[in-house]
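Please open the model in your viewer and keep the selection panel at hand. The tour below proceeds stop by stop, with a selection to make at each.

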Amino acid sequence: MQYTVSVAMSPVEQLIEIAKTAEEVGFDNIALPDSIFYMEKQSADYPYTADGSRMWNEDTPWVDPLILAGAMGATTSTIRFYTNVMKLGSRNPLLLARQVGSVANLTNNRFGFGVGIGWAPEEFEWCGQPYAKRGKRVDEMIEVIKLALAGGMVEFHGEFYDFEKLQMSPAPAEPVPFYVGGHTDVALKRAVRIGDGWTSAMMTCDQIAETISRLKKLLAEAGRADDPFEYQVVCIDKFGIDGHRELAEAGVTDYIGMPWVFEGLGFDAPLDKKLDSMKRFADTYIHSGWQQ
């Protein structure tokens with residue numbers, strides 16, 4: 001099982017040092033969150049809290065995840081990065097393809113593209129994109145992005161996007177992996193159809209095991225049972241070596257966590273305390289040999 005550190009809601013000035021330390025102590029990946037802006041009033045419930053409220057406020061810091069991947073990549077050499085997840089519905093697919101390809105090239109293919117639709121109507125509408133038919137439109141966006149990233153002269157004629165032959169150079173030397181977020185049946189089927197893996201929000205171990213079982217069934221039905229497929233999870237109820245062993249047995253391939261939060265520290269905790277937490281986490285889980 002791989003280990004990924006999430007940097008969601010950490011102060012901007014801490015991010016580069018967190019990345020450097022994550023690589024030094026042995027983390028495999030860094031998960032990069034996405035939020036475009038904070039609207040004063042929300043017209044839809046946030047889907048991952050019990051009461052629909054957001055876990056952050058107007059002063060919570062966010063950095064564009066693609067820019068952050070490039071900045072972190074410049075100060076590291078082995079650790080990988082992936083968006084967790086980038087909300088596609090409010091963006092343009094050709095512009096995204098240009099950005100994703102640039103990050104992949106600048107990080108020497110250490111980038112994975114975690115994608116979702118987005119939950120807030122305001123993010124769509126205020127960025128000039130319709131909220132209606134968002135699922136179908138994001139499916140077409142993914143087709144466009146993959147097509148452009150593959151290299152060569154390409155064209156596309158779909159329901160939502162239409163363009164004549166064009167080429168983006170240089171294309172990434174390796175295919176950019178796509179990880180699909182979401183818990184609904186539609187999202188799971190999207191992950192199986194176009195993804196190299198699935199990524200969760202906050203879930204219990206039982207929910208994770210049930211979802212992974214469902215995904216494996218869908219992969220088998222699609223003729224993909226033997227394909228490599230990542231299961232990236234945020235688990236809220238299993239801790240310690242025994243808990244991580246249970247997650248691995250459930251099929252988890254990538255554990256996403258915030259070591260400082262596990263020790264009772266806040267998102268805005270001092271940098272030195274966060275780095276110490278990462279080192280203790282690595283000693284406990286990454287270097288303890290429990291997976292041998």
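Which residues have the most contacts inside the largest nonpolar core? Select Phe27, Ile30, Met72, Phe111, Phe113 and Trp198, which hold that position in a core of 71 residues. A nonpolar core is a set of buried Ala, Val, Leu, Ile, Met, Phe, Trp, Tyr and Cys residues joined through side-chain atoms within 4.5 Å. Buried means under 20% relative accessible area, exposed over 50%, and partly exposed in between, with a 1.4 Å probe and protein chains only.

The model is predicted: local features need pLDDT of at least 70 and side-chain atom pairs count only at pLDDT 80 or more, whereas totals for chains, interfaces and linings use all residues. Residues are numbered from 1 along each chain as its sequence is written, and side-chain values use heavy atoms, with hydrogens and water left out.

**Helix H5**

Next, select residues 134-149, helix H5; seven residues of the largest core come from this helix, the largest share. Helices (H or I, at least four residues) are DSSP runs, numbered from the N terminus.

**H3 against H5**

Add helix H3, residues 93-106; the axes of H3 and H5 are 9 Å apart, at an angle of about 45°. Axes are lines fitted to C-alpha atoms, for helices over the stretch in contact, and angles run from 0 to 180 degrees between N-to-C directions. On the H3 side, display Pro93, Leu94, Leu96, Ala97, Val100 and Gly101; they meet Met141, Val144, Ile145, Ala148 and Leu149 of H5. Contact here means heavy atoms within 4.5 Å. This contact comprises ten nonpolar residues, one polar and no charged. Ala, Val, Leu, Ile, Met, Phe, Trp, Tyr, Cys and Pro count as nonpolar, Asp, Glu, Lys and Arg as charged, and the others, Gly among them, as polar.

**H6 against H5**

Now replace H3 with helix H6, residues 185-194, which packs with H5 at about 15°, the axes being 12 Å apart. Show Gly135, Asp139, Ile142 and Lys146 of H5 together with Arg190, Arg193 and Ile194 of H6, the residues that make the contact. They divide into two nonpolar, one polar and four charged.

**Thr211**

Is Thr211 buried or exposed? Select this residue in helix H7, residues 205-221. Thr211 counts as buried because its relative accessibility is 11%. Leaving aside residues up to four places away in sequence, Thr211 touches Leu188, Trp198 and Met203. Trp198 was also selected at the outset, among the residues with the most contacts inside the largest core.

Terms used. Helix = DSSP H or I, 4+ residues; strand = E, 2+ residues; numbered from the N terminus.
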